[in-house]
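This report describes the fold, strand pairing and internal cavities of a single protein chain. The sequence and the model are shown below.

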Amino acid sequence: MAVFFDYLGLVLYNIIGNNYMEDLKQLRQQINDIDQEIVKLFERRMKVSSKIGQFKKENNLPIYDKKREEQVLKRNCSLLKDTSLNDYWRIFQNQLMDLSKQYQNEINCEKNTINIILDKCGYNITIDDNLINDINKVFYLKRKVLFIYDDNLSEEVVEKVSSQIDKCYPLPLHASEKQKNFETLTVIYDTLIQNCFNRNDCILCLSGGLISDIAALAASSFNRGIDLYLMPTTLLSMVDSSIGGKTAINYGGYKNMIGTFYQPKAVLICPCLLKSLPQRQFNNGLFEIIKMALIKDKNFFYQLYNRNDIDIYQLIHKSIMIKKEIIQQDEKDNQLRKILNFGHTIGHGLELNCLDLYHGEAVGYGMLCMCSDEVFACLNSLLMELLPKRKLIFDKEKVRYSILHDKKAKDNKIECVFVSEIGKCQIKEFSIEEIMDRLETLMRLK
């Protein structure tokens with residue numbers, strides 16, 4: 001009897017199961033049919049979006065129109081019969097509009113424009129000296145603008161930019177690691193609140209990476225995010241900190257301990273701003289360029305190594321293209337983007353504890369500690385003319401303490417990027433003892 005019921009159960013299971021599978025098959029076919037219609041509609045939509053992009057290009061209109069986006073969202077949500085789908089529709093509609101903007105950006109891109117395309121947003125990096133006199137071609141500034149700038153910049157440069165902003169609220173800040181803290185962040189918040197800024201307004205930052213890191217953190221958190229535009233003024237910020245969306249302040253003696261990922265709406269790079277940059281500050285940016293070449297582009301490294309005559313535009317463009325390739329695959333440092341930290345683990349420890357050492361210089365020492373003997377020989381000869389000639393003096397225990405609290409540290413092990421051959425790198429785990437041994441060995445050689 002038990003065998004009979006087992007057999008009966010199996011028969012019923014097969015009948016009912018087959019019916020369920022048949023129902024599922026039919027539902028999936030309905031989804032397929034709907035998807036086919038969506039594909040056709042998507043193609044139509046992008047063709048129209050392309051025409052809009054072309055019209056904006058010909059008539060010098062901005063790609064980004066926040067009011068229009070809000071109107072579209074509100075109108076289309078009202079068309080939904082099932083109001084429980086409102087939130088889902090907003091997500092879907094926002095993604096569609098972001099794709100349209102990316103597509104229009106590509107149409108508007110000139111040879112001097114690099115288009116960054118990420119999962120949820122896209123923006124242009126424009127390299128053009130002429131646009132310093134016409135920033136409204138790149139930025140949408142017909143609203144309140146908190147104009148944050150480095151107080152070391154010349155009055156002429158500051159005036160040239162601020163005069164192009166209708167509703168300008170200037171805020172000078174001093175570029176110093178000691179100022180990269182909550183107090184400075186609070187100054188920005190207070191200025192925004194006192195002048196009644198809201199989500200429709202924006203921040204424009206004309207500075208190097210130290211100040212733009214703070215400004216970007218403020219933009220990402222004020223009212224849960226307002227638009228951010230960047231005009232980097234140092235070589236370091238042009239090739240590194242203004243690209244990729246990292247924001248930060250220092251905290252508790254640790255470098256960039258508090259921060260977010262927040263992408264700017266646009267970046268304008270005017271290499272003419274480098275003319276007044278002291279040679280040491282210019283060299284500061286070269287370290288990051290060398291880093292990009294070491295981890296990703298052997299030919300580019302040897303161009304630098306052989307002192308080939310490379311135009312400043314080419315130098316900036318090539319470096320950005322390397323970083324673009326990496327961040328488009330890994331926006332938030334989950335795996336691949338970690339290779340951009342080459343030299344930074346030891347570098348940050350030195351930077352925080354040798355206050356007369358620039359960021360790039362500290363990274364330079366960090367790179368020399370994390371490469372094979374073969375790479376060291378080439379790299380050392382290249383960096384000798386860029387690194388300070390004086391002996392580096394630092395408190396070993398303080399540097400050790402900083403490295404142990406690095407964001408990549410775990411259980412007394414720290415993930416570091418190691419370059420075994422030029423153009424190739426790996427992420428390896430090192431103990432704090434191994435890292436300090438490498439640093440001390442380098443200091444003995446120096």
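Which residues of strand β9 are buried on one side, and which on the other? The model is a predicted one. In strand β9, which spans residues 266–269, A266 and L268 are buried on one side, while V267 and I269 are buried on the other, so that both faces are covered. In a regular strand the side chains alternate between the two faces of the sheet.

## Overall description

The chain contains 15 helices and 12 strands. Along the principal axes, its C-alpha atoms fill a box of roughly 90 × 70 × 45 Å. Of the 446 residues in the chain, 49% are buried. The exposed surface of the chain amounts to about 23,600 Å², and 52% of that area is supplied by carbon and sulfur atoms. When contacts between residues at least 6 apart in sequence are considered, 71% of them join residues at least 24 apart.

## Parallel pairing around β9 and β5

Strand β9 takes part in two parallel pairings. With strand β2 (residues 122–127), β9 is joined by four bridges, and the two run parallel. Within this pairing, T126 has L268 of β9 as its bridge partner; L268 is also one of the buried residues of β9. With β6, the parallel pairing of β9 extends over two bridges. Here Y229 stands opposite A266, a residue that is likewise buried.

Strand β5 (residues 202–207) is mostly covered, with six of its six residues buried. One side of β5 carries C202, L204 and L206, the other I203, C205 and S207, and both faces are covered. Strand β3 (residues 144–150) runs parallel to β5 and is joined to it by five bridges. In that pairing, F147 stands opposite L204 of β5. Strand β5 is also joined to β6, in parallel, by six bridges, and S207 has P232 in β6 as its bridge partner. Strand β6 therefore pairs with β5 and with β9, given that two strands pair if at least two bridges are found between them.

## The antiparallel sheet

An open sheet of three strands has the order β10-β11-β12 and antiparallel pairing. Its edge strands, each pairing on one side only, are β10 (409–410) and β12 (424–431). Strand β11, covering residues 413–421, is connected to β12 by seven bridges, and these two strands run antiparallel. One of the facing pairs consists of E421 and K424, the latter in β12.

## Cavities

Four cavities of 30 Å³ or more are present in the structure. The two largest are set out in the table.

| Cavity | Volume | Nonpolar lining residues | Polar lining residues | Charged lining residues |
|---|---|---|---|---|
| Largest | about 90 Å³ | four | five | three |
| Second largest | about 60 Å³ | five | four | two |

The lining of the largest cavity consists of Y254, K255, M257, T345, H348, G349, L352, S402, I403, H405, D406 and K407. Elements that give two or more residues to this lining are β8 (254–258), α11 (344–353) and α14 (396–404). Helix α11 gives the most, with four residues.

The second largest cavity is lined by S212, D213, A216, L228, L230, S241, S242, G245, K246, Y262 and P264. Two or more residues of this lining come from each of α6 (209–221) and β6 (227–232). Helix α6 supplies the largest share, namely three residues. Strand β6 thus links two topics of this report: β6 is joined to β5 by six bridges, and β6 also contributes to the lining of the second largest cavity.

## A residue of helix α10

Is M321 buried, partly exposed or exposed? M321 lies in helix α10, which covers residues 312–329. Its relative accessible area is 33%, and M321 is therefore partly exposed, because this class lies between the limits of under 20% for buried and over 50% for exposed. M321 and E43 are separated by 278 residues in sequence, and their C-alpha atoms are 29 Å apart in space.

Terms used. Residues are numbered from 1 along each chain as its sequence is written. This is a predicted model: local features need pLDDT of at least 70, side-chain atom pairs count only at pLDDT 80 or more; totals for chains, interfaces and linings use all residues. Side-chain values use heavy atoms; hydrogens and water are left out. On a 1 Å grid over the protein atoms alone, a cavity is a set of points where a 1.4 Å probe fits but cannot get out, and a pocket is an open set with protein on both sides within 12 Å along at least five of seven lines; lining residues have an atom within 4 Å of a point. Grid points are joined across faces, edges and corners, and a volume is the space filled by probe spheres set on the points. Ala, Val, Leu, Ile, Met, Phe, Trp, Tyr, Cys and Pro count as nonpolar, Asp, Glu, Lys and Arg as charged, and the others, Gly among them, as polar. Buried means under 20% relative accessible area, exposed over 50%, partly exposed in between (1.4 Å probe, protein chains only). Contact means heavy atoms within 4.5 Å. Accessible areas come from the Shrake-Rupley method with a 1.4 Å probe; for residues, only the protein chains shown count as cover.
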